[in-house]
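I set out to look up how the chains of this model meet and what lies around one of the strands. My entries follow in the order in which I worked.

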2 protein chains.
Amino acid sequence: MKKTIFETLKNLNFTEYEAKAYLSLLEESPLTGYAVAKNSGVPRSKIYEVLDSLAIRGDILVSPGNTPQYSPVPAKELIKNRRMEAEQNFELAEKSLAEFEQSANDRENIWNIMGRIEILQKVKDCIASSKTRILLEVWEEEYEELESELRQAVNRGVNVTIIAYGEIVSDFANLYLHYMGHEITEEYGGRWIVISADDSEVVAGIVSLGKDSRAAWTRHVGLVMPITEVMIHDLYLMEIMKKHRKPLEESFGENLVNLRRKFSIHPDFKKHYVK
Amino acid sequence: MKKTIFETLKNLNFTEYEAKAYLSLLEESPLTGYAVAKNSGVPRSKIYEVLDSLAIRGDILVSPGNTPQYSPVPAKELIKNRRMEAEQNFELAEKSLAEFEQSANDRENIWNIMGRIEILQKVKDCIASSKTRILLEVWEEEYEELESELRQAVNRGVNVTIIAYGEIVSDFANLYLHYMGHEITEEYGGRWIVISADDSEVVAGIVSLGKDSRAAWTRHVGLVMPITEVMIHDLYLMEIMKKHRKPLEESFGENLVNLRRKFSIHPDFKKHYVK
DNA sequence: TTTAAGTAGTTACCTTGGTAGTCACTATTA
DNA sequence: TAATAGTGACTACCAAGGTAACTACTTAAA
């Protein structure tokens, strides 16, 4: 609980000492420098430079006198101010980086994306810039984070087809579900994501390894084509299954899950990716 | 020009090396690590850790291979991502600091505010939280920055009276102008600002010294009352002047500006405040 | 009235980690 | 061979964190 507060304050460019001092002032104020040091755990020998830097930034107020008193700017105001500063900086950044409007249309390279958040961000960008068709193979967990982007794409007139693992519901996309219990989910060795946008751009990779998740993004025809085709074949298969499940199950033994299991990736493959 | 770009990137938590590497990738991509080092001026021996940290943050993309290629995430996307992160952090901060809703209603202390921006921010907060009446003595330069807050206050039903130095126009407030040429402005030794909100809160100080500007904020009755009264007296005087200018000018010589000049603060007073 | 304890503030020094900067070394490729 | 590509081992610097020892003043109890 308290850890999150400190983390949050550090993200608002507080140092540890500054965070401690500010929080103890929020709890009780006004206080003398000595008292802030005592309550916050910041060494007395440091408290005045810490309070000074807070005062100069406008995060606390100083009441001068023989023993000055310190008081915090209310958290709400502080956040409001920080937000405005940040917004200004973003606008400045947009202006000064505007000249670098690049096409970056290389059909030769394969780009590596590290980290689950980054991967999902790239997938979102893909969806957002798509014009005609999206094929998406995705797990329930990731689908939830992509739903609003997908809905927007559909509203733009993009044809969205989703092959999903898990129990998802969608009123806007063509949906194909790979039903399965949770036990089976574990066996897969991890969740992956594959997206093909406008048959010209692909992101594919593992997303269940947190920071160690890896994906590739490419416009390389030699990859876009086969990956897109694989998904299309999967769709064929599912259409066939829908209509002819019984005869197929009979010919492959008691169920098709075992067949799937036979060809699946060995769970140990993870070890190659996780440091 | 280029300095601002580096400054801006540093504010988006780039290090100097990271900024150089990213900018050179924006100018030309994809590049090998070696080429990035060459174009950007980052030492070759550092370029890979720099590019790694950029890649892990998702600011650039890596195309693996015998000699990996690097490509930047377009500036627009980068800023969009940063903005989302920042917004999330602000919302988190608001939640975790919500418990510290303090009244901070001390009528005993006088709080020192350092820096022009911080002072104006405090004045804005005062205006925003006012309920009944605002008396504001202000220069044209500062008035412009406060106008929208003042307008909102009036729309809330707050009675706003402004004593202004300079040529300002306002269709919503009671406005009293101290007309004067620019030569006279210089003589004052600096611009000040005084605001009294709801007769219970006062901010007063100098705002023309940039970072060295100083102001006091207080709810101390011993200060709020006299300061508010001084402004009211100023208003009286201006009303009187409006109607009886001629006889007064006759009794004090050719004009009243000279009288004002006689009693004004000596310009050297600045030296006490500027380091 | 001296003593001890608490309050208030300052000076000096030390450690650590991250960033920056340099040199020297090995491969590989054209 | 020269340019390209990559690595390891240093040094320097600074901000942040951390500790110790000092002065000076006030208050309350022995």
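The entries below take the interface, then the symmetry, then the DNA.

**Ground rules.** I am working with a predicted model, in which local features need pLDDT of at least 70 and side-chain atom pairs count only at pLDDT 80 or more, while totals for chains, interfaces and linings use all residues. Residues are numbered from 1 along each chain as its sequence is written, chains are lettered from A and ligands numbered from 1 in the order in which they are written, and side-chain values use heavy atoms, with hydrogens and water left out.

**Interface of chains A and B.** I looked up the contact (heavy atoms within 4.5 Å) and found 58 residues from chain A and 58 residues from chain B taking part. The two chains bury about 5100 Å² between them, 63% of it on carbon and sulfur atoms; this is accessible area, taken with a 1.4 Å probe, that the two parts lose on being put together, summed over both.

I then turned to salt bridges (a side-chain nitrogen of Lys or Arg within 4 Å of a carboxyl oxygen of Asp or Glu), and the count between chain B and chain A is six. In one of them, B:Arg83 and A:Glu94 meet through their side chains at 3.0 Å, N to O. On the side of chain B that touches chain A, α5(B) gives the largest share, 18 residues, where helices are DSSP runs of H or I with at least four residues, numbered from the N terminus. That side divides into 28 nonpolar, 14 polar and 16 charged residues, with Ala, Val, Leu, Ile, Met, Phe, Trp, Tyr, Cys and Pro counted as nonpolar, Asp, Glu, Lys and Arg as charged, and the others, Gly among them, as polar.

**Symmetry.** I superposed the copies by least squares on the C-alpha atoms of residues with pLDDT of at least 70 in both, and chain B falls on chain A after a rotation of 180 degrees with 0.1 Å of shift along its axis, at RMSD 0.3 Å. The two copies are thus related as by a two-fold rotation axis. The C-alpha of B:Ala86 is the one in chain B nearest the axis, 3.8 Å from it.

**DNA strand D.** Which residues are closest to DNA strand D? Of the 15 that surround the strand (a heavy atom within 4 Å), the closest are A:Glu16, A:Ser45, A:Lys46, B:Ser45 and B:Tyr48. A side-chain N or O atom of A:Lys46 is 2.4 Å from a base oxygen of DNA strand D, whereas a polar side-chain atom of B:Tyr48 lies 2.4 Å from a phosphate oxygen of the strand.

Note on methods:
Helices (H or I, at least four residues) and strands (E, at least two) are DSSP runs, numbered from the N terminus. A polar contact is a pair of N or O atoms within 3.5 Å; within protein, one must be able to donate a hydrogen and the other to accept it, and residues adjacent in sequence count only if both atoms are side-chain atoms.
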